[in-house]
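Me: Could you take a close look at one part of this predicted model for me, the second chain, and walk me through how it is put together? After that, a few words on its partner would be welcome.

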Amino acid sequence: MFDARTKATLSSAPKTSRGNRKNKEAFAGWLMAAPAIILLLTFLIVPFIFAFGLSLTNQRLISPNPTEYVGLRNYKRLLNVRFFTLKPLVDAEGNPVLDEEGQISYPRLRNFTRNNPDYPQLNGLREFKSWQVGKNRLVLLASDAVFFRALLNTIIFVIVVAPLQAGFALLLALLVNQRLRGVNVFRMIYFMPVVISMVVVSMLWRFIYDGNDGLLNSLLSAVSFGAFQPVDWLGSPQTALGSIIAMSVWQGVGFHMVIWLSGLQTIPFVLYEAASIAGANGWQKLRYVTWPGLRNTAVLILIVITMQSFSLYTQVQVMTRGGPLDSTQAIVFQAVQRGFEKQDIAGGSAISVLLFLIVLFISIMQSYLTREKR
Amino acid sequence: MKKLLGLLTALLIFTVAGAQTELSMWYHGAGNAAERDTLLMIIEDFNNSQSDWVINLEEFPQESYNESIVAAALSGNLPDIIDVDGPVMPNWAWSGYMQPLNLSEGALDDFLPGAVGVWNGEVYSVGLWDAAIAMFARRSVLEANGIRIPTLEQPWTLEEFDAALETLQASGEFEFAFDPGMAWTGEWYPYAFSPFLQSFGGDMIDRSTFLTAEGALNGEEALAFGNWWQSLFERDLAPGTSQDGADRETGFIDGKYALQWNGNWAALAALDAYGDDLLFLPAPDFGNGPIIGAASWQFGVAASSENPEGANAFIEFAIQDEYLAAFSQATGLIPATQSAAAITPNYAAGGPLEVFFELSNEQSLIRPPTPGYVVMALVFEKALADIANGADVQDTLDAAVDEINADIENNNGYGF
């Protein structure tokens, strides 16, 4: 009680002068932040508010029709999903009809999803995935199967790229962090792909992945003494996404190597000396000195890679344009394709808003999970 | 005194120049010297032929031309005369970027149908040339394999064409019997392949209403087309979507492919390689007559132009036979009139490319003239690529129909 009162009287005396200085400091702070804030407002925050607004309308890129408010229609078209159980075709005795290969035959889905008055809720939906459940087939129908494919592909991309890229980058950083002669040459070599434009890198890798006489096929064939059969890396739905992932990891690894490197160099050398004196071996130094010292760097890298990976676009645009058979569709690619090529600004905006919410959610989750536990 | 004279002359030139109104014109062919020289020659002739107007040319690379026009329209900076790709024209006309042409009566009477851009019953654009597609083949190869050489009167039927492909593939001389050109993504797909669908009896949209693709793109005929299309790739008769771009350019000339579906712009290179042995065959008749795509780049007048008389005067000046012939000479494209064709060495009677004029005149069908074409073309491209890659034909066509219809609905029917 007494403490609080003294504190109040004590602090009231020099209030004006300190307040003035504080105000001045605050002003200087805002002034210094102003360029960044203005740029962020003009190029990120205001456009995002616009995008959110546009996603609630039927805005077209070019059109003489007036823009109309349509509520959540764009989102419903993207996100409408439904489960549907497909029962097998049955013969007169009620047994399932089998095809030539002995598989159970089902009626075509389009009998239910196209202009069937008995199933109005299924109208216009498409199969996204299906599973065998006993004799029935459980089908997940989506109004926009391509969008869900893009979402799934992008999530796979993020889940694979984030640990791979971070891991390889750390490995490279540990290698080039040694005091050896000529180590700068290696640093430069590893960093080079980052400096080259992604468009150029994608074009080059298209030649590397070429199905007939690409570099990768020739290399694998030479290494295996001709036993390797050429693979059409980007032309086959099984390998296309994997090829793009491998190339993306390679391209970005140098950038994250540099960040790891800066983290490594903040670890005081005396800690290693102390560890050596205590008799620690190489692995123990890595585990108990290096890794704890890199904690903050690791959090940063993980968040940066995650966000970058969600914006997967250039590689897809240049190398596959979403094909073959939607195996490389990506969210940003869909947003751009709809917004600009198909002139559907409202639809493209809706995808962008959804992507923003997904990335926001994941970033919040990541910073919550990696928070410093005190 | 000398000074005064100089001043007077300058003043005189200034007033004369001041009486002329400047018109701006945009063109898609930046980087193509032959097209540029020809166009500049026409502009110079026009500028010298009268004293009311002066045309200023600005060129853009083709890849970014359409975006430049859209951006200019949104910011109100369109030029007076714009250059527009035939199938895109209805989109721009509907969007209010273009105004109908106002040429003298009968000016377009002798033009190839594909060179005249009509939307909503009015002419909005006219081309100095058209392009045509033919089946590139070699007489010696067809004869050696006992395959009949088709004519415009009697083109190959579906069965004949399909059997020819099987025979050529079985001969073992070629990597693939048929090269449709899957490496050329983009507008090539609807331009080159929608005529196959139309010959089967389907279409990208129901042209009686332009309001739905249901039945046209997923009906029985379209399904037959889709199944045949898929079988081309299943039977390894044609290279698929991962075809190498370089193979597309030179595969026929190098002897990798027996037949190639290609445009007249590639004809001269093939002629150099095979000479008299080379044949430009009409499209196969899949049941509804042989059909090829029509309409190339054309000239029109921007709606925002303050001097439409000048713009129309220039277009009317440019579509004289001598200029059509000059353009054809420079680019190898088909002159838009018979009389212009007659004065070019390539397209005159007995010329090496004469056949293309007939092919264009007899078989051509423009891509659906609707503002929705821009979206339709992309949907169609994806559907054909997916089918070639083994997707379920009926489901893919259904999905394409749904997407086209949703787009039409979003646009309140595009004015139909």
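**A close look at chain B**

Reply: Let's begin with the inventory: chain B has 16 helices and 15 strands. Keep in mind that this is a predicted model.

On overall form, the C-alpha atoms of chain B fit in a box of roughly 90 × 50 × 35 Å along the principal axes. The radius of gyration of chain B is 23 Å, which agrees with the value near 22 Å that a compact globule of 416 residues would have. Buried residues account for 50% of the 416 residues in chain B. Then there's the matter of how far along the sequence the contacts reach: among those in chain B between residues at least 6 apart, 75% join residues at least 24 apart.

Now the domains. In chain B, the assignment gives domain 1 as 20–131 + 296–360 and domain 2 as 133–292 + 372–415. Between the C-alpha centres of these two domains of chain B there are 28 Å. Where they meet, 15 residues of domain 1 of chain B are in contact with 15 residues of domain 2 of chain B. On the domain 1 side of that contact, helix 4 (89–94) and helix 14 (354–363) of chain B each supply at least two residues. Helix 14 of chain B gives the most to that side, with four residues. And what sort of residues are they? The domain 1 side that touches domain 2 in chain B has twelve nonpolar residues, two polar and one charged.

There's a sheet worth tracing in chain B too. Four strands make an open sheet with mixed pairing, in the order 9-10-8-11. Strand 9 (176–179) and strand 11 (278–281) of chain B are its edges, each pairing on one side only. On average, and ignoring direction, neighbouring strands of this sheet are turned by 20° against each other. If you zoom in on one edge, strand 9 of chain B runs parallel to strand 10 (residues 257–263) of chain B, and three bridges join them. Look for D179(B) there: standing opposite in strand 10 of chain B is Q260(B).

Next, the contact with the partner. Chain B and chain A contribute 25 residues each to it. From chain B, helix 3 (62–74), helix 15 (373–388) and helix 16 (393–410) each supply at least two residues of the side that touches chain A. Helix 16 of chain B gives the most to this side, with six residues. By class, the side of chain B that touches chain A holds nine nonpolar, eleven polar and five charged residues.

As for chain A itself, its domains are domain 1 (81–142) and domain 2 (146–369). The C-alpha centres of these two domains of chain A are 40 Å apart.

Chain A has an open sheet as well, three strands in the order 1-3-2 with antiparallel pairing. Strand 1 (81–86) and strand 2 (126–133) of chain A stand at the edges with a single partner strand each, so one side of each has no neighbour in the sheet. Neighbouring strands here are turned by 20° against each other on average, direction ignored. Seven bridges pair strand 2 of chain A with strand 3 (residues 136–142) of chain A in the antiparallel sense. One pair to pick out is R126(A) with its bridge partner A142(A) in strand 3 of chain A. Helix 5 of chain A packs on this sheet, touching strand 2 and strand 3 of chain A, and its direction makes about 70° with that of strand 2 of chain A.

Helix 5 (residues 145–176) of chain A also packs against helix 14 (residues 331–341) of chain A, at an angle of about 145° and with the axes 8 Å apart. Helix 5 of chain A brings V146(A), F147(A), A150(A), L151(A) and T154(A) to this contact, while helix 14 of chain A brings I331(A), F333(A) and Q334(A). By class, that contact has six nonpolar residues, two polar and no charged.

One last residue to click on is I345(A), in helix 15 (residues 345–369) of chain A. I345(A) counts as buried because 23 C-beta neighbours lie inside 10 Å. Leaving aside residues up to four places away in sequence, I345(A) touches L54(A), Q59(A), R60(A), L61(A) and G339(A). A335(A) is ten residues from I345(A) in sequence, and their C-alpha atoms are 8.7 Å apart in space.

Conventions
Residues numbered from 1 in each chain as written. Chains lettered and ligands numbered in written order. Predicted model: local features only at pLDDT ≥ 70, side-chain atom pairs only at ≥ 80, totals over all residues. Contact = placed C-beta atoms within 7 Å. Nonpolar A, V, L, I, M, F, W, Y, C, P; charged D, E, K, R; others polar. Domains from an automatic or database assignment. Rg over C-alpha atoms; globule rule 2.2 N^0.38 Å. Buried ≥ 20, exposed ≤ 12 C-beta atoms within 10 Å, placed from the backbone. Pairing = 2+ DSSP bridges. Axes fitted to C-alpha atoms, helices over the stretch in contact; angles between N-to-C directions.
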